[in-house]
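Welcome, and please open your viewer. We will move from stop to stop, with something to select at each one.

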Amino acid sequence: MNWRSIFAIVRRDLTVVARAKAVMIPLVVVPVILFVGLPLLVSFAIDAAGSDIEDLLPLIEALPERIRASLGDGSLLEQAQVYLLEYQFATFFLIVPLMVCSVIAADSFAGEKERKTLEALLYTPTTDRELYLAKLLGPWLAAITVTVASYGLYLVVCNVALAATIGRPVALTPLWVVVVLWLSPGMAALGLSVLVIVSARVRGFQEAYQVGGVLVLPIVALVAAQFAGLLFVDTAFAILLGSLTWAVAVAVMAVGFGRFRRERLLEQV
Amino acid sequence: MRGVTRRFGEVTALDRVDFQVEYGQVIGLLGHNGAGKTTTIRLLNGLLAPDEGEVRTMGLDPVADGAEVRRHTGVLTETPSLDDRMSGLEAMRFWAAMWGVPKDAVDRRVMELLERFRLTDRARDRIGGYSRGMRQRLALARTLLHDPPLLFLDEPTAALDPVAARGVRDMVRTLAAEDRRTVLICTHNLAEAQDLCDRVVILRRGRVLADGTTAELVGAASVPVALILEVEGEQVSEARRITETFGEVKRVDGGRIDLDGVTRERLPDLVAALVEAGVGIYRVAPEEPSLESAYLALYGEETEG
């Protein structure tokens with residue numbers, strides 16, 4: 001395996017992405033909205049709700065005992081804040097790695113075809129396997145970086161806004177560690193493995209990006225299911241979901257690798 | 001290539017193609033759009049596999065040893081295939097890594113080529129701001145980063161202005177003559193092919209239509225040539241009568257007759273007929289037949305396939 005070539009492609013792809021405003025804007029704006037704007041909004045909205053906060057009581061009461069216990073002995077207001085920021089946002093957080101890898105993979109693969117820069121790459125001595133790995137690695141590393149950075153930002157925002165009220169650090173729990181270091185990388189890998197297959201079939205960035213948007217829908221369904229009380233994503237569930245995600249990602253990658261041939265890519269150059 | 005056939009679905013891009021390139025030669029691969037030129041380059045570099053036949057590039061099988069073949073070839077693609085968001089310098093460093101140029105030699109090699117292709121002043125500018133000629137020069141510089149002995153140049157002067165095109169042709173000439181590289185050029189520019197190539201292979205609908213030097217192709221195609229004939233002034237009417245049976249008289253001026261459409265093989269017969277008729281001949285000057293005339297004669301009136 002020629003790691004020099006692989007990392008050269010990774011570095012080149014990420015450099016080129018970083019210089020495209022259309023690609024970079026969602027990568028910066030979405031995490032800021034989701035993990036700065038939204039938690040602040042939720043926090044202020046609950047504070048401002050007054051007696052209406054009792055509307056959340058059925059939601060809190062419906063939680064399994066072990067989850068209720070983890071919300072602490074504070075007021076209903078505090079429990080609601082902890083629940084939303086530590087549990088609901090944890091699933092919401094999975095949107096970040098998927099969004100990042102869809103945008104970057106769409107640009108680095110389908111976008112490369114669109115810009116007609118792929119053919120020269122195919123004439124280099126890189127093997128199909130190295131090319132495939134490089135195209136997966138670049139967006140995956142970017143997704144992990146943005147995910148960890150978003151979590152850092154989220155921690156700061158939550159704790160500046162709420163730690164004093166609640167009396168302990170917010171969102172610094174085993175669930176978040178699992179989400180950030182196990183489930184999110186798995187989600188990114190799964191999204192990427194699907195996108196690389198899709199990107200080889202589409203002609204341009206926009207088309208690949210739209211397909212990438214569809215990948216976020218299961219996460220939205222997960223968030224909705226948790227809001228509706230149909231399931232609760234706790235640490236054990238996150239570990240299980242992460243394992244499942246990684247298993248499917250590896251399987252899809254194996255399929256993708258089997259299909260990843262220069263010849264197929266050339267058909268659309 | 002020996003008996004190489006390559007199909008794309010129902011379309012046969014190459015059909016039992018045979019040709020060989022000797023070390024150090026400059027070969028032109030000619031043909032209309034869709035004749036199979038780019039497919040040939042892709043097969044020779046292991047980007048495609050043949051359906052039938054055998055391909056060998058520098059003695060290696062490009063299907064089994066594609067990476068090894070590409071380590072020794074440089075390909076200038078039809079479009080320069082450069083990323084507008086990178087600078088020329090960044091792009092060259094990237095491609096140097098891709099071709100395994102030793103790390104400690106990258107900067108020296110990159111700067112040397114940028115200098116050679118007159119791009120040093122703009123090396124740190126984004127490629128998006130380069131002219132077409134500059135892009136083509138950068139793409140050509142890229143093909144030389146790893147010092148390949150075999151070059152494939154697909155339409156090296158397409159879409160360039162005449163001055164830039166001449167610059168690229170000069171560079172190709174240098175690469176072949178001074179650097180002693182084997183070069184395969186795909187081009188629609190027949191004058192360029194005649195100027196640069198030792199030999200040309202003409203493809204038509206995936207088959208080899210002709211293979212040889214310009215002189216050989218002209219001979220094979222029985223290309224009609226234009227001819228200037230100067231005879232004794234008083235005998236010009238007799239000379240005209242005879243020449244009209246060999247070709248089309250375009251102009252008569254004193255003892256000079258401009259004739260068109262005489263095939264090369266019939267020139268001796270024309271001269272013999274004039275001598276036999278007692279016409280005094282001062283000059284017979286056939287125009288040097290061009291590759292273009294041979295190409296058109298071989299291809300006929302057929303348009304793009």
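Begin by selecting strands E10 and E12 of chain B: 6 bridges join the two, and they run antiparallel. Keep in mind as you look around that this is a predicted model. To find one end of the pairing, pick B:Pro224, whose bridge partner in E12(B) is B:Thr263.

**Along strand E10**

Stay with E10(B) and switch on its side chains. Which of them point to the buried face? B:Val225, B:Leu227, B:Leu229 and B:Val231 do. The side chains alternate along the strand, with B:Pro224, B:Ala226, B:Ile228 and B:Glu230 pointing to the other face, where they are not buried.

Now add E13(B), which is joined to strand E10 (residues 224-231) by 5 bridges and runs antiparallel to it. On this side, look for B:Val231, which has B:Ile281 of E13(B) opposite it.

**The whole sheet**

Add E11 of chain B to your selection and you have an open sheet of 4 strands, in the order E11-E12-E10-E13, with antiparallel pairing. Strand E11 (248-253) and strand E13 (281-286) are at the edges; each has a single partner strand, so one side of each has no neighbour in the sheet. Turn the view to follow the twist, which averages 20° from one strand to the next.

**Two helices on the sheet**

Next, select helix H9 (residues 236-243) of chain B. This helix lies across E10, E11 and strand E12 (256-263), and runs at about 10° to E12(B). Then select helix H10 (residues 267-276) of chain B, which packs on the sheet and touches E12 and E13. The direction of H10 makes about 165° with that of E13(B).

Zoom in on B:Val236, a residue of helix H9. Is this residue buried or exposed? B:Val236 has 20 other C-beta atoms within 10 Å, so it is buried. Beyond its neighbours within four places in sequence, B:Val236 is in contact with B:Val231, B:Val252, B:Gly255 and B:Ile257. You have already met B:Val231, one of the buried-face residues of E10(B). If you would like to try the distance tool, go from B:Val236 to B:Arg266: the two are 30 residues apart in sequence and 20 Å apart in space, C-alpha to C-alpha.

**Stepping back to chain B**

Zoom out until chain B fills the window. Its C-alpha atoms fill a box of roughly 80 × 45 × 30 Å along the principal axes. There are 11 helices and 13 strands in this chain, and 43% of its 305 residues are buried. Taking contacts in chain B between residues at least 6 apart in sequence, 67% join residues at least 24 apart.

Try colouring by domain: the assignment gives domain 1 (2-219) and domain 2 (224-288). How far apart are the C-alpha centres of these domains? They lie 45 Å apart.

**Helix H11 and a hairpin**

Now go to helix H11 (residues 291-299) of chain B, where B:Leu291, B:Ser293, B:Ala294 and B:Tyr295 are buried. To see what the buried residues of H11(B) pack against, show strand E3 (26-30), helix H7 (190-196), strand E8 (199-204) and helix H8 (214-221) of chain B. Just after H11(B) comes B:Gly300, with a positive phi of about 70°.

From there, keep E8(B) and add strand E9 (residues 207-212) of chain B. The two run antiparallel and are joined by 5 bridges; within the pair, B:Ile202 stands opposite B:Ala210 in E9(B). Together E8(B) and E9(B) form a hairpin with 2 residues between them. Click on B:Arg205 in the turn, which has a positive phi of about 45°.

**Where the chains meet**

Bring chain A back into view. Here 21 residues of chain B are in contact with 22 residues of chain A. On chain B, helix H2 (66-71) and helix H3 (88-98) each supply at least two residues of the side that touches chain A. Colour that side of chain B by class to find 11 nonpolar, 5 polar and 5 charged residues.

**Last stop: the core**

Finish with the largest nonpolar core, which has 164 residues. A:Cys101, B:Leu138 and B:Ile185 are those with the most contacts inside it. Domain 1 (2-219) and domain 2 (224-288) of chain B both give residues to this core, so it lies between them. Centre on A:Cys101 and, apart from neighbours within four places in sequence, look for its contacts, including A:Pro139, A:Trp140, A:Ala188 and A:Leu195.

Conventions: Residues numbered from 1 in each chain as written. Chains lettered and ligands numbered in written order. Contact = placed C-beta atoms within 7 Å. Nonpolar A, V, L, I, M, F, W, Y, C, P; charged D, E, K, R; others polar. Core = buried A, V, L, I, M, F, W, Y, C linked by C-beta atoms within 7 Å. Buried ≥ 20, exposed ≤ 12 C-beta atoms within 10 Å, placed from the backbone. Domains from an automatic or database assignment. Pairing = 2+ DSSP bridges. Axes fitted to C-alpha atoms, helices over the stretch in contact; angles between N-to-C directions.
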